[in-house]
Amino acid sequence: MRTSSPERPGIPRRPARLGALLAATAVVALLSGCMAGSGDAVEAAEAGTVRLADASPLADPHDWEGPSTALLPGGGSALSVEAGEPELPATVTSHDLQGEREVEVDAAERILGIDISGSVAQTIFALGLGERVVGRDISTTIPEAAELPVVTGDGHTVEAESVIALQPDVVVTDGSIGPDDVVLQLRDVGISVVYVDPGTGLDAPAELARQVGAALGVPDAGEELARSLDEAIEAKAAEIAAVAPADPGDRLRIVFLYIRGGSGIYYLFGAESGADSLIEALGGIDIAGEQGWTGMRPMTDEALVAADPDLILVMTHGLESTGGVEGLLEAQPSVALTTAGEKRRIVDMEDGQILAFGPRTPEVLDALAVAIYAPDAR
């Protein structure tokens, strides 16, 4: 494994998905802690889910009162390709948090993919390289990886000893878990470490497929998976558009609220967080974009009441941290003053799924659409 580090002064890195965005705003540790250990509960809750194609949408989504939960169907990504034998060595750009560098991957017999949402490992499995994966992070809860040893501890902390013991040839990550210096130390023992940076939003799953495929010596498979993901996401957005109100004036006004009730933390997600493109694909009006909010910003009573969302998207464990919907309304009276609060129109989804932007993004969109437009289907 050889690396070089050409510097690019003055060129800022894009937010490397949700984890890096939160790190930049000094709250990533809180997000990591809330997501840990949730995988088993997720798999148990996924049974019996309803697809949008089989649901009867509401005549008017504004009429519904009460909360709903978006649940993914069990199993891994419905999209997959057969990569074949990796062509190595491969030299790729690693998007290290300190700057880009060239990394040569010499072998990929033993692979480890780690990130805050499990999307990197899911992408490796979707590329047909699952049999080469030797471990997993705590967020990788797909059945195919269930028996693999876990290399992350509380709060998604990477345990270097656990990684080294598995003797991986290559580790692929996105910088959303760490500590970063611990991950980089893996290079000192001869492990190729490649950082991917697919960005946020609905373009991210395809870009992740391309970057992971290139890092593992299967760029053609990466492109094939990327095309499949783009097509599936576009098709799902079109399917959702068919059940969402056609008149822009009738669309639901939606905002994403990040909650940590025990810590008194409430953030509104804006542009470049991924929540904006998610809301637009769901046929809603992105309040954050309308207001010109960027990244994450602390929620203020005035801003939320003035925005007056019809529906609020939240992470499941964040909502639980306030004691559920009623606890949220009690803790934040301003939420109760909005149309969403008055109607209890809160839609939650598992923390590691809703903004993951990995190979299951089409299914995430489908599950959220059911919770929004056909909440009585469950």
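Which residues are buried in helix α13 (residues 324-331)? Select that helix in this predicted model, and you will find that Gly324, Val325, Gly327, Leu328 and Leu329 are the buried ones. A general point helps when turning the view: an α-helix has 3.6 residues a turn, so residues three or four places apart point the same way. Now add the surroundings to the selection, since what covers the buried residues of α13 includes strands β8 (253-260), β9 (265-269) and β13 (346-349), together with helices α12 (316-320), α14 (333-336) and α15 (339-342).

Go next to helix α17 (residues 361-373), where 13 residues reach 18 Å from the first C-alpha to the last, close to the 18 Å expected at 1.5 Å a residue. If you colour α17 by burial, counting a residue as buried when its relative accessible area is under 20%, 13 of its 13 residues are buried, so the helix is largely enclosed by the rest of the structure.

Then select the three strands of an open sheet, whose order is β5-β6-β7 and whose pairing is parallel. At the edges lie β5 (111-114) and β7 (192-195), each of which pairs on one side only. Neighbouring strands in this sheet are turned against each other by 15 degrees on average, direction ignored.

Zoom in on β5 and β6 (residues 170-173), which pair in the parallel sense over 4 bridges; here Gly113 stands opposite Val172 in β6. Finally, add helix α4 (residues 119-126), which lies across β5 and β6 and runs at about 140 degrees to β5.

Conventions. Residues are numbered from 1 along each chain as its sequence is written. This is a predicted model: local features need pLDDT of at least 70, side-chain atom pairs count only at pLDDT 80 or more; totals for chains, interfaces and linings use all residues. Side-chain values use heavy atoms; hydrogens and water are left out. Buried means under 20% relative accessible area, exposed over 50%, partly exposed in between (1.4 Å probe, protein chains only). Helices (H or I, at least four residues) and strands (E, at least two) are DSSP runs, numbered from the N terminus. Contact means heavy atoms within 4.5 Å. The expected span of a helix is 1.5 Å times one less than its number of residues. Two strands pair if DSSP finds at least two bridges between them. Axes are lines fitted to C-alpha atoms, for helices over the stretch in contact, and angles run from 0 to 180 degrees between N-to-C directions.
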